[in-house]
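I am opening a notebook page for this chain and will record what I looked up, entry by entry.

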Amino acid sequence: HRDPHLEGGRTMAVIRDMIPSFQLFQPTSVDEAIDVLDRRDNTWVLAGGLDSIDWFKDRIKRPDAVVELTGIAELKGIRTSGDALEIGAATTLHEVATNDDVRGKFGLLAQAAGDVATPQIRNQGTLGGNLIQDTRCWYYRGGWPCYRAGGNICYAGTPRSMNREHCVTGASRCVAVNGSDTAAALIALGAQMMVRSSSGERIYDAEEFFIGPAIDIERMTVLEPGDILTHVRIPGDWGGARFYWKKARDRKSWDWALVSVAASIFESEGVIQRARISLNGVAPYPLRLTEVEDLIQGMPADDDTGIAAGELATRGFRPLRHNDFKVPLTRSLVRRAVRRDAV
């Protein structure tokens, strides 16, 4: 048997140029969308479509029915509620990045949303889509039968794999990373995700919304068939904190993070009172650094504290063949996040 992806010992790209047919539903309310999802099998939820269309045109995903959410007004917009913000999941990333309320009080999220891809993509892509997008591992997205695709191997985890962008911690058979820029920021802001289904509404803390392969190797979030992420709520607890955001990547645009760090820190007279720090690009899920948060509480926001935080943040990292650079990179970013005079 010859693997069709291999010729002469080299990996060959599989190029497909036609999207399989499906039935399109365009509901105007969340209840109507949920009703369609409950009545139909093999469904797919579509918002901005940037992740979805890639899957369709490569013929890796073949849904029988697609439920488009762009016509549901209640899923769009940014609303204030006291000192909190509620953002519809179908709100564009451009609106999140430029909204005065987000920029004024939760600038961390505005920075992260503004770093997603390119202006064209931010005008089309949605906050919800950025949060629930699937991993960008090229083996998985190329149709290779890996663990995440229901197979029995992780192609990126073998000794001769190309795994520069993959994880350095949290692996459990699968070594793919989470690709969302806004996820780390929302975790650092203590946000909550609101999910609806025919069973009612569920609310998840942002850090619990994302799951790793040890829990379910075929999912990256808690969403199950029939679920819709409707809103993201940011409480006022971290409004006005000192924020730090950095996305380290190969290119300034149209690229995913090699490592990203998001931090919210409150200080008094140069001493850290409380903090929330989150990483992405290093694990199959956004990683909250609770031990680092505990370590730096009550310590001065200086370089020595930053160095200690960076060392603790990377303890236990196990790099793959091609991504050992992520260890010192993460250490440096966490150090900068903790320092008051970060540059």
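**Entry 1: helix 9**

I began with helix 9, and because eight of its eight residues are buried, I noted it as largely enclosed by the rest of the structure. The model I am reading is a predicted one, and I keep that in mind for every entry below. The buried residues I listed for helix 9 are Asp-181, Thr-182, Ala-183, Ala-184, Ala-185, Leu-186, Ile-187 and Ala-188. Looking past the end of the helix, I found that Gly-190 follows helix 9 and has a positive phi, near 65°.

**Entry 2: the cysteines**

How many disulfides does the structure hold? I found zero. I then checked Cys-167, which takes part in no disulfide and whose nearest cysteine sulfur, belonging to Cys-174, is 7.3 Å away. Cys-167 is buried, because its relative accessible area is 2%, under the 20% that sets the limit for buried residues. For Cys-174 I asked why its sulfur makes no bond with the closest cysteine sulfur. That closest sulfur is in Cys-154, at 5.4 Å, which is too far for a bond, since a disulfide calls for sulfur atoms within 2.5 Å. Cys-174 also counts as buried, at 6% relative accessibility.

**Entry 3: Gly-281**

From Cys-167 I went on to Gly-281, because the C-alpha atoms of these two residues are separated by 6.8 Å although they stand 114 residues apart along the chain. 

Gly-281 sits in the loop between strand 13 (271–280) and strand 14 (287–288). Is Gly-281 buried or exposed? I recorded it as buried, with a relative accessible area of 3%. Setting aside residues up to four places away in sequence, I found that Gly-281 touches Glu-165, His-166, Val-177, Asn-178, Ala-257, Leu-258 and Lys-326.

**Entry 4: Thr-126**

I next looked up Thr-126, which is placed in the loop between helix 6 (119–124) and helix 7 (127–132). Thr-126 is buried, its relative accessible area being 7%. A polar atom of the Thr-126 side chain lies 3.0 Å from the backbone nitrogen of Gly-129. Which residues does Thr-126 contact, apart from its neighbours within four places in sequence? My list reads Ala-47, Gly-48, Ala-89, Ala-90, Thr-91, Thr-92 and Leu-93.

**Entry 5: salt bridges**

I turned to the charged side chains, and the count of salt bridges came to 23. Among them I looked up the bridge between Asp-250 and Arg-164, with 2.7 Å from N to O. This pair links distant parts of the chain, 86 residues apart, with Asp-250 in the loop between strand 11 (242–248) and strand 12 (259–268), and Arg-164 in the loop between helix 8 (138–141) and helix 9 (181–188). Asp-250 is partly exposed, with a relative accessible area of 45%, and Arg-164 counts as partly exposed at 30% relative accessibility.

I then took Arg-288 and Glu-207, whose salt bridge has its closest N and O atoms 3.0 Å apart. Here too the pair links distant parts of the chain, Arg-288 being in strand 14 and Glu-207 in helix 10 (residues 206–209), 81 residues apart. For Arg-288 I noted a relative accessible area of 25%, which makes it partly exposed, and Glu-207 is partly exposed with 26%.

The bridge between Glu-311 and Arg-331 was my next item, and its closest N and O atoms are 3.4 Å apart. Glu-311 lies in helix 12 (residues 303–313) and Arg-331 in helix 13 (residues 326–338), so that the bridge links parts of the chain 20 residues apart. Glu-311 is partly exposed, with a relative accessible area of 41%, and Arg-331 is partly exposed, with 27%. I also wrote down one network, in which salt bridges that share partners join Asp-51, Asp-54, Lys-57, Arg-136 and Arg-141.

**Entry 6: a nonpolar patch**

My last item was on the surface, where Ile-19, Phe-22, Leu-24 and Ile-53 make a nonpolar patch of about 310 Å². Where does Leu-24 lie? I placed Leu-24 in strand 3 (residues 23–25), and at 44% relative accessibility it counts as partly exposed.

Definitions and conventions
Residues numbered from 1 in each chain as written. Predicted model: local features only at pLDDT ≥ 70, side-chain atom pairs only at ≥ 80, totals over all residues. Heavy atoms only, no water. Patch = residues over 30% accessible without salt bridge, like charges linked within 9 Å, V, L, I, M, F, W, Y side chains within 5 Å. Areas by Shrake-Rupley, 256 points an atom, 1.4 Å probe, with all protein chains shown as cover. Salt bridge = Lys/Arg side-chain N within 4 Å of Asp/Glu carboxyl O. Helix = DSSP H or I, 4+ residues; strand = E, 2+ residues; numbered from the N terminus. Buried < 20%, exposed > 50% of the residue type's maximum accessible area, 1.4 Å probe, protein only. Contact = heavy atoms within 4.5 Å. Polar contact = N/O pair within 3.5 Å; in protein donor to acceptor, adjacent residues only side chain to side chain.
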